[in-house]
Structures are given as structure tokens and as C-alpha cells.
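Biologist: Could you take me slowly through the nonpolar interior of this model? I would like to see what it is built from.

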Amino acid sequence: ASSVLQFASISFDASIWEIAMALASGARLILAAREVMLPGQPLLDLLRQQAVSHTLLPPALLAGMQDDAQIAPLTLLVGGEACPPDVARHWGRRHRFINAYGPSEITVCASTWEYRPESADRAEDRLDSGTPIGRPLANTRIYILDASGQLVPRGVAGEIWIGGQGVAIGYLNRPDLSRERFCPDPFHETPGQ
């Protein structure tokens, strides 16, 4: 049976994702004291003792720990900040390692990328310039735009714009910030997206 570690603070949207992932799939939801949720042996012991099979952790936490061979291979999602390539390489050797990207303005994550050691020699899977954020999830559109709001060619740097069902409708009681951050999707055929 699967076991999901509920790591995120209940005030963070990722906690709802963790809880729903466990309960909607019939998995056990593992709750632990905050002092156990720090880099080090107590967290490694929890992962082993509770036979955690799935968890979403910040890369900084993983950077502060060494993988323990006594932990069964797990599905390890990372998010909340940029993931250093060495963290992906280290933890991706034994575990299913998925980098999840999503800013505050979208529900939990917009895209994912899975590290696969066997394909690390392919150009798109190399970690030379950082850990990729991957491809958009279902019902999500990601555009890379230049300063004029135009799509850039593949491989050209630009700003990430996200559209789709998971995008929030704005900031509560912050109309100026909402107008600045939430713009109509000029590439979607349905007005108001």
C-alpha cells in the first residue's frame, strides 16, 4: 500500500495536494511532528519506519541529507524552489525523482520533469544549465515570451507565462496587483482566459 508523507504546512497549497493525493487514491497519510521534518536522521528514520512511498519535499531539505540505502525507493517530488542539479542527480539515482514547478499564482504546480539517469546523455535531460521544469500538466499552457509579449523560439530565454484551469483569478483585495499579474491569454481562442 502507498503511504504519503504530509510535509507542507497546512497553510500552504501543497498540503491540500498531499492530503488529496493520499485520500483520493486510498493511500495512508503520514503525519509527523514538525521537529522530525528537518534534514537529518529523524526524517530518514520516519521515511523508513513508516514505509513512505510518496512525498513532496523542498530541494534545500534534500541538499542537507544523504540518501539512506535503508529507505525503500520512493516517488520523490521536489518543489517550492529551484532544484540544484546535484540534488536531482544524487536523489534520482535510487528514487523516482520529479521536479515540480509552480508559482504562487497557480494551484500547486504547472509543470513537471522526471529525472531518468539512463537518459542523462540526451541534450534535453542534461543538467548542464540547471534542472528543467519540464512540460505543462494537463489543462495547463506554458508560454515563453519576450519583453514584447511575443513567443520566443525554442531555446531562447524569455519570461514564463502560464494559462489554464489551475491559474488563480487574482489576489484577494489586491486589484492593482491582480491586474499586473493576471492578464488575458492572448494565445487562447476563448476570450477571458
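Modeller: What follows is a close look at the nonpolar core. This is a predicted model, in which local features need pLDDT of at least 70 and side-chain atom pairs count only at pLDDT 80 or more, while totals for chains, interfaces and linings use all residues. Residues are numbered from 1 along each chain as its sequence is written, and side-chain values use heavy atoms, with hydrogens and water left out.

A nonpolar core is a set of buried Ala, Val, Leu, Ile, Met, Phe, Trp, Tyr and Cys residues joined through side-chain atoms within 4.5 Å, where buried means under 20% relative accessible area, exposed over 50% and partly exposed in between, with a 1.4 Å probe and protein chains only. The largest such core has 25 residues, and those touching the most other members are Leu5, Leu43, Leu62, Leu76, Trp91 and Phe97. The elements that give two or more residues to this core are helix H2 (41-49), helix H3 (59-63), strand E4 (75-78), helix H4 (85-92) and strand E6 (111-115); helices (H or I, at least four residues) and strands (E, at least two) are DSSP runs, numbered from the N terminus. Of these contributors, H2 gives the most, with four residues.

Trp91 deserves a separate look: leaving aside neighbours within four places in sequence, Trp91 is in contact (heavy atoms within 4.5 Å) with Leu44, Leu62, Met65, Gln66, Asp67, Leu76 and Phe97. Apart from this core lies another, of five residues, including Ala8, Ala14, Leu77 and Ile98.

Returning to H2, the loop between H2 and strand E3 (54-57) holds Ala51, which has a positive phi of about 50° although it is not a glycine. Most residues other than glycine have a negative phi.
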